[in-house]
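Visitor: I should like a close look at a single part of this model, one strand and its setting, followed by the sites where ligands are held. Please take me through it in one connected account.

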Amino acid sequence: MTVNEIINPANLVYEKPKVMNDTPMHYCPGCSHGVVHKLIAEIIEEMDFQEKTIGIAPVGCAVFAYKYLDIDWQQAAHGRAPALATAVKRLLPDRLVFTYQGDGDLAAIGTAETIHAANRGENIAIIFINNGIYGMTGGQMAPTTLVGMKSSTSPNGRTVPLNGNPLDITKLLAQLDGTCYVTRQSVHTVGSVRKTKKAIRKAFENSMMNKGTSVVEVVSTCNSGWKLTPEASNDWMVENMFPAYPLGDLKDL
Amino acid sequence: MAKVKGAVVVNIERCKGCNLCVVACPSQVLELSIEANSKGYNFSTMVVPDSCVGCAACALVCPDACITVYKVRL
Ligand SMILES: Cc1ncc(C[n+]2csc(CCOP(=O)(O)OP(=O)(O)O)c2C)c(N)n1
Ligand code: SF4
Ligand code: SF4
Ligand code: SF4
Ligand SMILES: [Mg+2]
């Protein structure tokens, strides 16, 4: 059978989800953000929720997320996504409401909003892209930057005496009574992509069942900020990020 | 034994040549082309189409949703 005979709609097994439009995404080649966008689009399509989903875009590289997924969006000031999501979900409780936030957004400037929304148990899903760096602004150190990790503001590597300890905010969120589901995943292999999809789907379903706040951290790469190829970034992430941010469920009520 | 055969179509203009699909393919079907797209990226292309099993590994890891996958049971 020739390639041209195989390429036939009847034999289709995978295509770009329709919720993701044709606008080219601005992310650097190989950036984890794209994979997670794609999963969110697939899930919304499978749940048939395109008309009922409101995403809250952050400040950070994902600030333009609203350009790529054809759902309703709000774009929050830096770190304020969980506060805005609180308002949106309370005003429109029949909608699926999620935030999409980087580690600088969620764990630095937005720490208060994140912790209080989760502690109140707002019925939202928080998708947390932890690439250990401020990607958008040129690779500055984030609270999540690893000890020894180089960034543009820790050129010789982060040290605890000077910069303090890395913040495992996901572990902290799991301690709060308002969270119902807290998990840490990744998107660097086929298996991990499938697991992350299941996790985000569960978080979305929890939001619709008013179970409280769900947090899905995706340990991610920022190959531009890390100054590695996409492939080498994945290897570096497995070797260095996973020991500090181990994958798996931290809470599942 | 049931045999499967697959094929992929890469959206060349959307591809950013990140190489992640090439690494993810268990059958070494893909490589980056010598040619570049209009943005200057060397796009992913099937170099050993006969080996494709339609597993969609390449498509799942692609950050830019460039790959469409087809599969038939022979
Ligand atoms: C109030 C305010 N302070 C600072 C900035 C500058 N700024 C833009 S993005 C960003 C950090 C983004 O890092 P992260 O949230 O980790 O997202 P990434 O780009 O890594 O995905 C900062 C500090 C801003 N836009 N607004
Ligand atoms: S700077 Fe980093 S996080 Fe931002 S698009 Fe590039 S690789 Fe992705
Ligand atoms: S579908 Fe599977 S075998 Fe075919 S090119 Fe993609 S990863 Fe390789
Ligand atoms: S993973 Fe996607 S963007 Fe990267 S080279 Fe392959 S087809 Fe192109
Ligand atoms: Mg970041």
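Guide: In this predicted model, strand β6 of chain A, residues 179-186, is largely enclosed by the rest of the structure, because 8 of its 8 residues are buried. A residue is counted as buried when its relative accessible area is under 20%.

The partners of β6(A) come next. Strand β7 of chain A, residues 213-219, runs parallel to β6(A), and 7 bridges join the two. Within this pairing, A:T179 is found opposite A:T213 of β7(A). To pass from β6(A) to β7(A), the chain goes through helix α8 of chain A, residues 190-208, and the resulting β-α-β crossover is right-handed. Strand β8 of chain A, residues 248-252, is joined to β6(A) by 4 bridges, and these two strands run antiparallel. Here A:T183 has A:D249 of β8(A) opposite. In a regular strand, side chains alternate between the two faces of the sheet.

From the strand, the account turns to the ligands. Around ligand 2 lie A:Y27, A:C28, A:C31, A:H33, A:C61, A:N131, A:G135, A:C222, A:N223 and A:S224. Sorted by class, this shell comprises 5 nonpolar and 5 polar residues, with no charged ones. Two of its cysteines can be described by their accessibility: A:C28 is partly exposed, at a relative accessible area of 34%, whereas A:C222 is buried, at 10%. A search for disulfides over all chains of the structure returns 0. A disulfide is a covalent bond between the sulfur atoms of two cysteines.

A:N131, part of the shell of ligand 2, is also a donor to the magnesium ion, ligand 5, through its OD1 atom. The other protein donors of this ion are A:D103, through OD, and A:I133, through its O atom; the donors lie 2.0 to 2.2 Å from the magnesium. Along the sequence, the donor residues follow the spacing D-x27-N-x1-I. A:N131 is buried, with a relative accessible area of 6%, and A:I133 is likewise buried, with a value of 2%.

Ligand 3 has a shell of 14 residues, of which the closest are B:C25, B:C52, B:C55, B:A56 and B:C58. By class, its surroundings consist of 12 nonpolar and 2 polar residues, and no charged residue is present.

Conventions:
Residues numbered from 1 in each chain as written. Chains lettered and ligands numbered in written order. Predicted model: local features only at pLDDT ≥ 70, side-chain atom pairs only at ≥ 80, totals over all residues. Heavy atoms only, no water. Buried < 20%, exposed > 50% of the residue type's maximum accessible area, 1.4 Å probe, protein only. Pairing = 2+ DSSP bridges. Right-handed = clockwise from strand over helix to strand, strands pointing away. Near = heavy atom within 4 Å. Nonpolar A, V, L, I, M, F, W, Y, C, P; charged D, E, K, R; others polar. Donors = N, O, S within 2.8 Å, 3.2 Å for Na, K, Ca; no water. Disulfide = S-S within 2.5 Å.
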